[in-house]
Each structure stands twice: as structure tokens, then as C-alpha cells.
Amino acid sequence: MVRFAHLADCHLGAFGRKPTLREYNIKAFEKALDICISRGVDFIIIAGDLFHNPLPDMDIVNRAVKLLMKVKNHGINIYSVYGSHDYNLASASLIDVLESAELFKNVVNYLESDNRLTTVQDPTGVSITGLSGRKNRLEKGYYDQLDIDVPEGKGIFVFHSPIAEMQPTDIPEKNLLPISFLPGGYDYYAGGHIHRPLTDKKDGSHVVYPGATFGSSYTDLERESKRGFYIVDDWKPEYVPLEVCEITRVKINAEGHTSSELEDILIEKGDNNQEGDIILLKVHGKLIEGSPEDIDFSRIIRLFERGDDATVFFNKNSLERVTNDKVKINEEREDEVEKQVIEEYGTPEGISNDFAADLLRVLKSDKKEGETTTDYENRIWAQSYALIEGLKEPQIQKTGEKKKDRKRQQQITLGDYAGDVN
Ligand SMILES: [Mn+2]
């Protein structure tokens with residue numbers, strides 16, 4: 001009777017800007033491997049995205065190598081495919097280095113010349129093969145014309161792609177693969193990529209996503225309630241939850257309150273809250289008077305942090321200011337409408353209406369076709385700063401230092417919400 005573990009989407013090194021979360025993430029991985037050892041699994045499958053980046057921090061690499069070494073010393077083999085995050089087109093990924101060190105085996109043996117996929121055999125006799133996930137679903141072409149040696153004995157197919165029939169509707173994803181793309185004849189399909197535990201069947205065999213061991217983004221923490229992996233005993237998958245910290249959601253509705261009332265509510269909540277290692281603090285709704293800018297949010301975040309006891313993710317994206325219904329719009333062209341609204345509301349001292357209109361134009365520009373998120377963010381920053389430099393405001397001008405600091409802070413905020421890709 002074969003017993004194996006199926007993990008995916010560990011994203012080691014994720015939350016690079018929040019050290020406590022990066023630590024929870026690797027702790028979850030460590031816990032998973034410890035459970036695998038204590039449950040006496042024959043082998044472990046990691047279905048992609050072991051690391052968050054192809055070339056992670058050496059500190060994370062060092063930790064991961066020690067953990068993988070521990071598993072190897074217990075005589076447990078690890079089999080893996082690339083995820084969309086650990087694939088590096090330009091050069092070798094860390095995954096390749098770890099494979100060379102025989103810490104695990106990449107099961108993808110794909111001969112591009114004849115689209116042939118061969119298998120690796122574990123000492124238990126189980127055959128394992130698979131295909132890696134690629135950014136933008138580039139792997140789809142491989143599935144299209146796959147020629148595969150279906151194993152005679154028991155076999156596992158490992159993949160890192162979203163299956164259309166299983167993709168949850170609340171997780172946005174493009175380029176899904178139909179379940180029919182998976183080659184037939186296997187006893188278990190070990191999936192990765194979707195950060196939520198899901199099971200389905202293909203020709204009577206289980207098709208499984210274990211979800212993330214911890215998660216890799218703010219969205220994962222907020223949207224997903226389950227973190228863990230599967231242990232498959234005699235081909236029956238059993239979900240093993242991983243709990244390394246307490247995640248607390250605090251949701252505050254600003255509806256019907258003034259900005260100063262909202263500030264009092266938040267201070268009281270922050271003062272009294274004793275729960276949570278991670279706090280997802282969300283403020284939403286429409287103020288009846290005042291503006292979000294009146295509120296000292298950094299003080300409130302510090303209260304929720306209780307010294308260094310908790311890590312706070314603060315989201316006020318859906319908090320709305322009081323709107324002034326009196327602006328009458330006579331224009332039809334978008335830029336004219338904006339110009340009129342800016343004139344009506346006015347701008348802070350030292351900021352001209354033209355500057356406000358120019359900055360608005362830069363900030364709302366869309367990502368261009370083929371532009372990466374990083375390039376897009378860099379372009380918006382460069383254009384915004386070019387405008388700000390042009391202001392010639394003394395307090396902005398003198399500040400090489402301050403500017404850098406501000407940029408860093410902004411990037412932290414962006415980083416928390418950007419890159420919510422699986
Ligand atoms: Mn992933």
C-alpha cells in the first residue's frame with residue numbers, strides 16, 4: 001500500500017517585505033514536512049511553486065535546503081515540477097540547483113523534438129511524470145500534442161495549470177485547460193497553481209489541488225480559509241490542514257459616520273483588540289462628513305499591531321469620501337469633465353489645476369499590451385515623479401532622501417496588493 005504526500009504552491013520567500021509573514025510561510029512548509037515524516041509517507045510530490053521567485057533570497061534557500069535535507073535523510077524522495085513562479089527562461093532556476101544536489105527530482109522528462117514525455121520510477125514501483133506550469137499558460141501547447149508512455153503499473157501525473165472544470169469563479173484566471181487535456185490512464189493527478197484545496201475525478205481517478213501551504217499574497221490570506229496539503233493513502237486523498245498562526249478579520253463599516261466618529265471607532269477597536277497574529281483590517285462604506293485623509297490611520301495600525309505582536313494588512317480601498325453632488329457637468333469629453341471637477345473642488349495650496357489634471361492623466365493610464373506589472377509600475381512612477389519634480393516646490397525639491405523614502409513606502413503598499421497571481 002503506497003502512502004504519499006501531495007503539496008503545491010509553497011511560495012517560499014513570499015511576503016519579502018513582511019518578515020513575520022515570510023516566517024509563517026516557511027514555518028507552514030516545515031510543519032508539512034514534519035507531518036510527512038511522522039506519518040511515514042513513501043514519497044512527497046510538490047506540484048510547482050515551491051519558491052516564490054526563480055532566484056530567492058539566500059536566507060530562504062538555506063532554510064529550505066536544511067528542511068529538504070532532513071526529509072532526504074529519512075529516506076523520503078521528493079518529486080517536483082516547475083510552477084509558473086519558479087520557472088526561469090533566461091537561466092537556471094534554484095530548482096535546477098537543488099535537483100543537481102539531488103535534494104529532489106524534477107519529473108518532467110519532456111523531449112521537445114518528438115513531444116515525448118517519459119516517466120520516473122519511485123522505489124515503491126509508482127511511476128511519476130508531469131509537465132511544468134509556465135507564465136501565461138505557455139504549457140498549453142505541450143498538452144496539445146503530447147505523446148506519453150502511460151505506465152503499466154500505478155502512475156501519477158503532476159501538473160501546474162488551472163483546470164477549467166475546477167477553477168473557482170471567485171478566483172480570476174485566464175487560459176484555463178479543459179480536464180480532457182490531462183493524459184488518461186493515471187491513478188492520481190497531482191495539481192498545483194490554484195491556491196485552494198479542490199478535488200475532482202477523471203476516469204475514476206482523483207484530480208487534486210492541495211491549495212497553498214500558507215499563501216503568497218494579501219488576497220490569499222483574505223480569500224482563502226484553508227491552508228494545507230494532502231496525504232494520499234492507498235490512492236485516497238485526505239486533507240491535512242496547516243495552522244501556524246491565527247488570522248483575524250476586522251471589518252468596519254463607515255456608513256453613516258463622520259470621519260472623526262470613524263477614527264474614534266477604529267481607535268477603540270484597536271485599543272481593545274487582543275486577537276490575531278495577522279490582522280486583516282478592512283474599512284469600507286461612505287462617510288457622511290469629512291474625508292479619509294482626516295484620519296490618522298498609521299496610529300490605528302500601530303494600535304492593532306500591539307507592539308510587535310501582530311502584522312496588520314490595512315485595506316481602505318472601499319472607503320468613500322463625502323461626494324459633492326452639486327458639481328454640475330456640462331461637458332461630454334472625459335478630460336473636460338475632469339477639468340471641471342478639479343476646478344469645482346479646488347486643489348491644495350501650491351498645486352495648480354493643470355498639475356492635478358496632468359497627474360490624474362498619468363495615474364489612470366492603463367497597462368499597455370505586453371507590458372509587465374513591474375514595467376507598468378515603473379512607468380507610472382517615472383511619469384509621476386517627472387511631474388512632481390516639475391512643481392519646483394521647495395519641500396519636494398530638496399528631498400532626494402525623503403523622496404526615496406516616500407517611494408519605498410508607496411511600493412510597500414503597492415506590493416501588498418499587487419502581484420496577486422497564483
Ligand atoms: Mn502558486
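pLDDT is the predictor's confidence in each residue, on a scale from 0 to 100. I began there, since what I have open is a predicted model.

**Entry 1. Confidence.** I looked up the mean pLDDT of the protein and found 86. I also noted that 86% of the residues reach 70 or more. I then went to residues 393–420, where the pLDDT is below 50. Beyond near neighbours in sequence, that stretch has 26 contacts in the model. I leave those contacts alone, because predicted coordinates should not be read in detail where pLDDT is low.

**Entry 2. Largest nonpolar core.** I asked which residues touch the most other members of the largest nonpolar core. They are Leu7, Phe29, Ile44 and Phe229, in a core of 46 residues. I listed the elements that give two or more residues to this core, among them strand S1 (3–7), helix H1 (19–38), strand S2 (43–46) and helix H2 (58–73). Further along the chain, the list includes helix H5 (218–223), strand S14 (228–233) and strand S17 (278–286). H1 supplies the largest share, 10 residues. I checked the domains as well: at least three residues of this core come from domain 1 (3–241), and at least three from domain 2 (246–323).

I took Leu7 as a sample and set aside its neighbours within four places in sequence. Leu7 is in contact with Phe29, Ile44 and Phe229, among others. Its contacts also include Ala32, Cys36, Pro210 and Thr213. I then noted a second, separate core of 20 residues, which includes Val158, Ala190, Val208 and Trp235.

**Entry 3. Ile78.** I found Ile78 in strand S3 (residues 77–80). Is Ile78 buried or exposed? Its relative accessible area is 3%, so I entered Ile78 as buried. Leaving aside neighbours within four places in sequence, Ile78 is in contact with Ile44, Ile46, Leu68, Val71, Leu103, Phe104 and Lys105. I also looked up Asp42, which is 36 residues from Ile78 in sequence and 9.5 Å from it in space, C-alpha to C-alpha.

**Entry 4. Aromatic pairs.** I searched the whole structure and got 14 aromatic pairs. I wrote out the geometry of Phe159 and Tyr209: the centres are 5.7 Å apart and the planes stand at 75 degrees, which makes the pair edge-to-face. Phe159 lies in strand S10 (residues 155–160) and Tyr209 in strand S13 (residues 205–210), so this pair ties together parts that are 50 residues apart in sequence. Phe159 counts as buried, at 0% relative accessibility. Tyr209 is buried too, with a relative accessible area of 0%.

My next pair was Tyr218 and Phe313, at 5.2 Å centre to centre and 50 degrees between the planes. I logged this pair as tilted. Tyr218 is in helix H5 and Phe313 in strand S18 (residues 311–315), 95 residues apart, so I entered the pair as a link between distant parts of the chain. Both Tyr218 and Phe313 are buried. I also recorded a cluster in which ring pairs link Phe4, Phe43, Tyr79, Tyr188 and Trp235.

**Entry 5. Positive phi.** Most residues other than glycine have a negative phi. I therefore noted the exceptions, with this background in mind. Trp235 is not a glycine, yet has a positive phi of about 70 degrees. I located Trp235 in the loop between S14 and strand S15 (236–241). With a relative accessible area of 11%, Trp235 is buried.

Arg306, also not a glycine, has a positive phi of about 45 degrees. Arg306 is in the loop between helix H7 (297–305) and S18. Why did I enter Arg306 as buried? Its relative accessible area is 18%, and buried means under 20%.

Gly346 went into the same entry, with a positive phi of about 80 degrees just after H8.

**Entry 6. Helices H8 and H10.** I compared helix H8 (residues 334–345) with its expected span. Its 12 residues reach 17 Å from the first C-alpha to the last, close to the 16 Å expected at 1.5 Å a residue.

In helix H10 (residues 373–391) I looked up Ser384. Ser384 counts as buried, at 5% relative accessibility. I asked which residues Ser384 is in contact with, leaving aside neighbours within four places in sequence. They are Leu359, Val362 and Leu363.

Note on methods
Residues numbered from 1 in each chain as written. Predicted model: local features only at pLDDT ≥ 70, side-chain atom pairs only at ≥ 80, totals over all residues. Heavy atoms only, no water. Helix = DSSP H or I, 4+ residues; strand = E, 2+ residues; numbered from the N terminus. Buried < 20%, exposed > 50% of the residue type's maximum accessible area, 1.4 Å probe, protein only. Contact = heavy atoms within 4.5 Å. Expected span 1.5 Å × (residues − 1). Core = buried A, V, L, I, M, F, W, Y, C linked by side-chain atoms within 4.5 Å. Domains from an automatic or database assignment. Phe/Tyr/Trp six-rings, centres within 6.5 Å; stacked < 30°, edge-to-face > 60°.
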